[in-house]
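Visitor: I should like to learn how to read the features of a fold. May we take a structure and work through it together?

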Amino acid sequence: MSKPATETLFVVAKRSTTTMQRRGSGSREGKAGDPPSQLIDARIKELSDWRGETLARVRILIKQADPEVVEEWKWRGVPVWSHAGIICTGETYKNVVKLTFAKGASLKDPSGLFNSSLEGNTRRAIDFHEGDKIDDKALTALIRAAVALNTSVRAASGLVRSQKRPKSA
């Protein structure tokens, strides 16, 4: 390798290491063993602006719509709400809080909440911007529809996690 290429690789490697170290020390990673609910609480507190308020409000609506919802923390800092499969994720960006429904393309959306990721065959998302009002009733209905879809798919497959698959003869 020529000397400039070697120097370039060293600089890239050094930047990667620095980035990894920064990520590891932030609250986005969380400590091993921290309950997801605490990590989500910390994320909301860390945001400390309209995005935290929006994420907190959406979280309350999800829990009210489905008291059996399971909170998870995946993909290095993304809140995930599940019930018999992923219902939705709550991602936060500089100018938007994005609520992505894993099977959103299969859900009826009579209120027209979905306004993002409309071109895909599976997911649909709702982008909340600063100052947007959340339609509590419509969002609650959408969450319940997502749970119903997940549970119907699970029931139709005949598999329940607590059941063992039959042994083949």
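**Reading the fold**

Guide: Let us begin with a helix: in this predicted model, helix H2 (residues 36–47) lies across S1, strand S2 (78–82) and S3, and runs at about 65 degrees to S1. Helix H3 (residues 50–65) also packs on the sheet, where H3 touches S1, S2, S3, S4 and S5. The direction of H3 makes about 30 degrees with that of S4.

Visitor: In what order do the elements of the chain run from the N terminus on?

Guide: The order is α-α-α-β-β-β-β-β-α, which amounts to 4 helices and 5 strands.

Visitor: How should one read the sheet, and in what order do its strands lie?

Guide: As a general idea, strands of a sheet pair through backbone hydrogen bonds, either parallel or antiparallel. Here the sheet is open, its 5 strands are ordered S1-S2-S3-S4-S5, and the pairing is antiparallel. Strand S1 (70–74) and strand S5 (124–128) are the edge strands, each pairing on one side only. From one strand to the next, the twist averages 20 degrees.

Visitor: Over how many bridges do strand S3 and strand S4 pair?

Guide: Strand S3 (residues 86–92) and strand S4 (residues 97–101) are joined in the antiparallel sense over 5 bridges. One can locate the register through Thr89, whose bridge partner in S4 is Thr100.

Visitor: Where is Ala102 found, and which residues is Ala102 in contact with beyond its neighbours within four places in sequence?

Guide: Ala102 belongs to the loop between S4 and S5. Its contacts, with those neighbours left aside, are Ile86, Ile87, Thr122 and Arg123. Ile86 is 16 residues away along the chain, yet the C-alpha atoms of Ala102 and Ile86 are separated by 6.1 Å.

Visitor: Is Ala102 buried or partly exposed?

Guide: The relative accessible area of Ala102 is 22%, so Ala102 is classed as partly exposed; the cut-off for buried is under 20%.

Visitor: What does a residue of helix H4 such as Asn150 show, and why is Asn150 classed as buried?

Guide: Asn150 is found in helix H4 (residues 136–157). Asn150 is classed as buried because its relative accessible area is 2%. Its side chain reaches the backbone oxygen of His83 at 3.2 Å. A polar atom of the same side chain of Asn150 lies 3.1 Å from the backbone oxygen of Gly85. Apart from neighbours within four places in sequence, Asn150 is in contact with His83, Ala84, Gly85, Ile86, Ile87 and Lys103.

Visitor: How should one read a nonpolar core, and which residues have the most contacts inside the largest one?

Guide: In soluble globular proteins, nonpolar side chains tend to be buried together. The largest nonpolar core here has 30 residues, and those with the most contacts inside it are Ile62, Ile87, Leu99, Phe101, Ile126, Phe128 and Leu139. Two or more residues of this core come from each of H2, H3, S3, S4, S5 and H4. Not counting residues up to four places away in sequence, Phe128 touches Trp50, Thr54, Val58, Asn95, Val96, Val97, Leu99, Ile134 and Leu139.

Visitor: What do the totals for the chain add?

Guide: Of the 169 residues in the chain, 34% are buried. Among contacts with a separation of 6 or more, 48% are between residues 24 or more positions apart. The accessible surface of the chain comes to about 11,100 Å², with 53% belonging to carbon and sulfur atoms.

Key. Residues are numbered from 1 along each chain as its sequence is written. This is a predicted model: local features need pLDDT of at least 70, side-chain atom pairs count only at pLDDT 80 or more; totals for chains, interfaces and linings use all residues. Side-chain values use heavy atoms; hydrogens and water are left out. Two strands pair if DSSP finds at least two bridges between them. Axes are lines fitted to C-alpha atoms, for helices over the stretch in contact, and angles run from 0 to 180 degrees between N-to-C directions. Contact means heavy atoms within 4.5 Å. Buried means under 20% relative accessible area, exposed over 50%, partly exposed in between (1.4 Å probe, protein chains only). A polar contact is a pair of N or O atoms within 3.5 Å; within protein, one must be able to donate a hydrogen and the other to accept it, and residues adjacent in sequence count only if both atoms are side-chain atoms. A nonpolar core is a set of buried Ala, Val, Leu, Ile, Met, Phe, Trp, Tyr and Cys residues joined through side-chain atoms within 4.5 Å. Accessible areas come from the Shrake-Rupley method with a 1.4 Å probe; for residues, only the protein chains shown count as cover.
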